[in-house]
Amino acid sequence: MNETLRTQQAHRSIRDYQDTPVNDAMLDQIIAAAHRAPTSMNAQEISLVVVRDAATRAKIAELSGGQAWIIKAPVFITIVIDFHKTDLGVRKAGKTQLIHESMEGFGVASTDAGIVLGMLITAAESLGLGIVPIGSIRRNPQGMIDLLGLPPLTFPLVGLCIGHIDKNAPQKPRMDIKTFRHDEHYDASGYPAAIDAYDEALVYFWKEVARSTGLPWSEALAIRFPEVYFPQVKPVAAMQGLLNDK
Ligand SMILES: Cc1cc2nc3c(=O)[nH]c(=O)nc-3n(C[C@H](O)[C@H](O)[C@H](O)COP(=O)(O)O)c2cc1C
C-alpha cells in the first residue's frame with residue numbers, strides 16, 4: 001500500500017487538539033492541494049475562508065451549537081459555494097447567470113465542495129494533522145454569512161477544523177463494504193442484515209471507547225432524520241439568491 005492509501009485508510013475524525021499553531025507552510029500546502037480539485041465545467045465555484053483568529057473561531061463554535069473542538073483547533077476553513085465568482089464571469093461575457101437558482105446548481109456546487117473537502121482532508125492528514133469536518137455551520141447559516149462577510153450568491157456549506165493532534169481517536173467501524181460497493185448493479189438485499197451487524201458493532205465500539213451514551217447507527221439516525229435538522233438552510237440559501245426552485 002502506498003502512503004496516500006495508508007493516509008486515507010487511517011482516517012478518523014479528531015476532536016482533541018494541541019494549542020500548537022499550524023504553520024503557514026503546512027497550511028499553504030494543504031490549500032494548494034485542494035486548489036487543484038476538479039470542478040464541474042471548470043466553474044471553480046468554490047471558495048475557502050480560512051479563519052485562525054480565536055475570537056472568530058469561538059463565534060463559529062457558538063453558531064455551530066457549541067462544539068468545543070472549533071475553539072481548540074487553530075485553523076477553521078469554511079467551504080463556500082461561490083456563484084458570485086461565476087456571476088462575474090457570466091456578466092463579463094454579456095449574459096445573465098441562472099444556474100444558482102437551480103437544484104442542478106446547488107447539487108453541482110455541493111459535489112465540488114465535497115471534493116475540495118476530501119482533498120483538504122487527505123492533504124492535512126498526510127502531514128500528520130488531525131481534522132474534523134463541521135456540517136453544523138448550517139445550523140445558523142445567516143450567522144456565518146454575517147461573520148465571514150459573504151456576499152449574495154454564496155453559501156457556507158461545510159467547515160473543517162485542522163490542528164495538531166492531542167489525543168488520537170480510535171477508528172470508527174463502517175458498515176460492511178458490500179453496502180457501499182455494488183458491482184455492475186445496485187443490490188440492497190444484504191442491507192437489513194448488514195444494518196443489524198453494524199448496529200451491534202457500533203454499540204461495541206462505543207463501549208470500548210467508554211461512551212456509554214453512544215447509540216446504534218439506526219437509533220442515532222432515527223433521532224436526526226425524521227426532521228430537517230438544519231431548517232435554516234433552505235430559507236437562507238434562498239435569501240442569498242440560491243432559490244433551489246428550478
Ligand atoms: C460533511 C460532514 C459534516 C460533519 N459535521 C460534523 C460536525 O458538525 N461535528 C462533528 O463533531 N463531526 C462532524 N462530522 C464528522 C462525522 O461525525 C464523522 O466523520 C463520522 O462520525 C465518522 O467518523 P470518523 O470520521 O472518525 O470516521 C462531519 C463529517 C462530515 C463528512
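**Exercise 1.** In this predicted model, determine which residue of S4 stands opposite Ile79, and how many bridges join strand S2 to strand S4.

*Solution.* Start from the residue pair: Ile79 faces Val158 in S4. Next, place the pair in its strands. Strand S2 covers residues 75-82 and strand S4 residues 154-164. The two run antiparallel and are joined by eight bridges.

**Exercise 2.** Establish in what order the four strands form the open sheet, and which are the edge strands.

*Solution.* The order is S1-S2-S4-S3, with antiparallel pairing. The edge strands each pair on one side only; they are strand S1 (46-51) and strand S3 (129-134). From one strand to the next, the twist averages 25°.

**Exercise 3.** Identify which helix packs on the sheet and which strands this helix touches.

*Solution.* The helix is H6, residues 103-126. Helix H6 touches S1, S2, S3 and S4. As for orientation, the direction of H6 makes about 10° with that of S4.

**Exercise 4.** Describe how helix H2 and H6 cross, and state which residues make the contact.

*Solution.* First, the geometry: the axes of helix H2 (residues 24-35) and H6 come within 8 Å, and they cross at roughly 145°. The handedness of this crossing is right-handed. Second, the residues: H2 contributes Gln29, Ile30, Ala33 and Ala34, while H6 contributes Val116, Met119, Leu120, Ala123 and Ala124. Third, the character of the contact of H2 with H6: eight residues are nonpolar, one is polar and none is charged. The polar residue is Gln29 of H2.

Notes:
Residues are numbered from 1 along each chain as its sequence is written. This is a predicted model: local features need pLDDT of at least 70, side-chain atom pairs count only at pLDDT 80 or more; totals for chains, interfaces and linings use all residues. Two strands pair if DSSP finds at least two bridges between them. Axes are lines fitted to C-alpha atoms, for helices over the stretch in contact, and angles run from 0 to 180 degrees between N-to-C directions. Two residues are in contact if their C-beta atoms, placed from the backbone, lie within 7 Å. A crossing is left-handed if the near helix is turned anticlockwise from the far one by less than a right angle, and right-handed if clockwise.
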